[in-house]
Amino acid sequence: MTAGLKTNLPVFIVVIPMFVAFMLPTFARRIKWIEGTVAAVKLLGLAAAAWLAHMVLYEKDFPVKYIMGGWPAPWGIELVIGNLAALFILTIAIVSLPVALFARDNLEKEVGPKQRIARFYVLYLLLIGALAGMAITNDLFNVFVLVEVVTLSCCGLVSSRKGHGAAKAAFNYLILATLGSALVLGGIGFIYILTGHLNMEFASAELGRVWQSSPHTVWMALSFLFVGFGVKAALFPLHVWLPDAHSMAPSPASALLSGLAIKGYIISFMKILYVIFGHTLMQEYGIYRILILIGMVAIIIGSLSALLQKRLKRRLAFSTVAQVGYLFLGLGLANKEGLMGTLLYLVSHAVIKSLLFLAAGAVISATGKENIRDLAGVGRKMPIAMGTFTIASLSLIGLPLLSGFIGKWHLVLGSLGAGDILSVTVIIIGSILCAAYLLPIIRIAYFEPAPEADWQDPGLPQKAALILLAAGVVLLGVLPGPFIELAGRAAAELLLIQ
Amino acid sequence: MKELLEKVVINYPYLAAGILFAIGVLTVLTRSNVFKKLIGINIMESCVFLLFVSAGNIKGGNVPILDTANPKPVYVNPLPSALMLTGIVVSVSVTAFALALIIRLYNSYGTTDLRRIGEMDYEVKKK
């Protein structure tokens with residue numbers, strides 16, 4: 001029994017949320033039941049993710065290949081449960097549990113009546129399941145299907161907000177995201193045409209043999225995948241959908257979209273780049289330089305645009321554009337420290353940005369004000385919401401002992417290792433700009449006189465969610481041991497270092 | 001030059017897919033009417049399906065059903081077509097979802113033109 005559970009655990013992590021998702025609408029009238037079920041699924045998911053990470057860290061026989069339906073590769077679909085998968089699944093579990101807690105009793109204002117809340121949870125569970133699937137799958141077409149599930153559930157989450165602004169944001173997001181998925185599918189098609197395989201490792205081996213005879217098709221595949229995932233992950237010139245979509249979504253959904261959904265695409269892109277194309281081809285085609293360059297531009301322009309925003313949630317959304325720049329920069333550094341930096345920054349940004357969005361959501365729903373200027377004195381009236389917001393801001397800026405620091409530290413080490421002084425400078429400038437757009441919010445909230453208004457901290461579940469995430473931010477900074485170990489091993493695996 | 005032309009003529013489905021893809025992307029990016037955007041998306045996706053299916057096709061190939069009594073020399077690769085069935089399902093669901101959003105947009109703005117919608121939002125913001 002335990003052995004069967006252990007071998008099939010990765011599949012359960014993906015399938016159970018999806019299975020439960022489609023059962024939820026049957027008891028849509030009992031919101032309490034739905035919330036209880038979702039919480040139970042998420043607790044189970046956290047336990048399973050922790051168990052998986054523990055197994056991957058301390059047992060010898062990992063990474064394990066799981067064969068779906070008994071058909072061995074290259075015919076069947078293969079799942080690889082390695083360090084990268086364990087790291088991302090753990091992140092998903094850590095972030096999604098507090099988000100579910102925050103959504104409890106809190107959606108009526110933003111989403112509407114019970115039926116709509118039930119659908120919100122359906123999309124939430126689908127998103128979580130598909131993201132976990134992206135982390136473990138080793139099959140290209142499977143990647144496409146999961147990308148589509150994530151995209152559709154994200155658009156659904158954006159459109160679940162009441163009012164017409166959300167419909168418009170969701171429509172624009174849907175159009176651009178579908179453009180991205182058509183490009184991803186085209187890229188996968190070119191790889192399939194070249195190699196005849198959909199399994200990543202077989203495709204990689206075959207590509208190593210044939211790429212010299214058709215270099216232009218490899219170019220096409222690379223550029224289609226780059227632009228496709230770039231649109232989905234909101235890489236700088238292709239980020240136009242993000243500010244609207246992320247600021248219009250209901251707060252728990254914003255937290256998931258900014259914190260997790262984008263990271264799923266980046267993990268998939270990372271796997272495709274490093275597992276299929278590999279170091280030689282990427283160097284041959286100059287992808288590294290493009291990644292670093294676009295990453296640097298994204299950091300600077302994203303931060304400057306965030307600085308210009310007057311509304312709180314839009315500022316946070318533009319901040320995400322800047323942080324995506326760091327992740328792509330780390331992908332382009334092509335050494336172990338750089339990749340570790342990307343992975344660690346990905347984990348810490350997932351926790352930090354969801355905390356920022358949740359705290360901002362709590363503040364906005366209590367005060368009814370969206371402009372940063374109008375939030376004077378809110379820090380003294382809502383100590384928990386603004387206190388956790390402050391912790392997250394300091395961590396995003398990169399103060400030592402908080403989680404953002406570790407990722408940035410490894411990115412700097414990676415840039416130094418690659419001999420790239422310019423990107424070190426850009427990382428530091430990015431941090432300064434980050435302080436420039438986040439600290440004024442805190443100054444206004446704490447040091448300006450408050451108006452006579454009845455602003456209060458949110459209810460108990462919301463407070464608990466904020467405190468849990470803030471504890472996560474601090475713990476990741478103080479005791480990052482297992483995460484650094486997982487990220488280091490995953491980076492070594494991707495770069496084929498023994 | 002002649003060689004290149006010959007290659008293009010032999011691989012005409014790929015050429016068609018490329019042209020259709022360009023048409024689809026242009027439609028999506030330049031038209032402001034939501035229905036035209038949606039049609040552009042559909043053209044684009046269909047041409048990716050065309051790319052896959054033509055990659056699996058072999059001229060003169062047989063239906064890939066194994067007949068042990070009289071085996072055929074060449075079979076068509078069935079995998080891309082099977083994959084594209086999934087792709088078509090995804091595309092249909094995207095279209096359905098987009099149509100639902102269009103209904104919501106039309107109900108709240110009274111128009112299906114994204115430029116007009118943008119102008120209306122801008123005016124509301126100015127007030």
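**Two loop residues and a helix pair**

Visitor: Where does A:Leu401 lie in chain A?
Guide: A:Leu401 sits in a loop of chain A, flanked by two helices. Helices are DSSP runs (H or I, at least four residues), numbered from the N terminus. This is a predicted model: local features need pLDDT of at least 70, side-chain atom pairs count only at pLDDT 80 or more, and totals for chains, interfaces and linings use all residues. Residues are numbered from 1 along each chain as written, chains are lettered from A and ligands numbered from 1 in written order, and the place asked for is the loop between helix H15 (383–397) and helix H16 (403–417).

Visitor: Is A:Leu401 buried or exposed?
Guide: Count other C-beta atoms, placed from the backbone, within 10 Å: 20 or more is buried, 12 or fewer exposed, in between partly exposed. A:Leu401 has 11 such neighbours, so it counts as exposed.

Visitor: What is the phi of A:Ala334?
Guide: A:Ala334 is in the loop between helix H12 (312–333) and helix H13 (336–367). It is buried, with 21 other C-beta atoms within 10 Å. Though not a glycine, A:Ala334 has a positive phi of about 60°.

Visitor: How are H13(A) and H15(A) oriented to each other?
Guide: Axes are lines fitted to C-alpha atoms over the stretch in contact, with angles from 0 to 180 degrees between N-to-C directions. The two axes come within 9 Å and cross at roughly 150°. Angles over 145 degrees count as roughly antiparallel. H13(A) and H15(A) are therefore roughly antiparallel.

Conventions. Angles under 35 degrees count as roughly parallel, over 145 as roughly antiparallel, 65 to 115 as roughly perpendicular and the rest as oblique.
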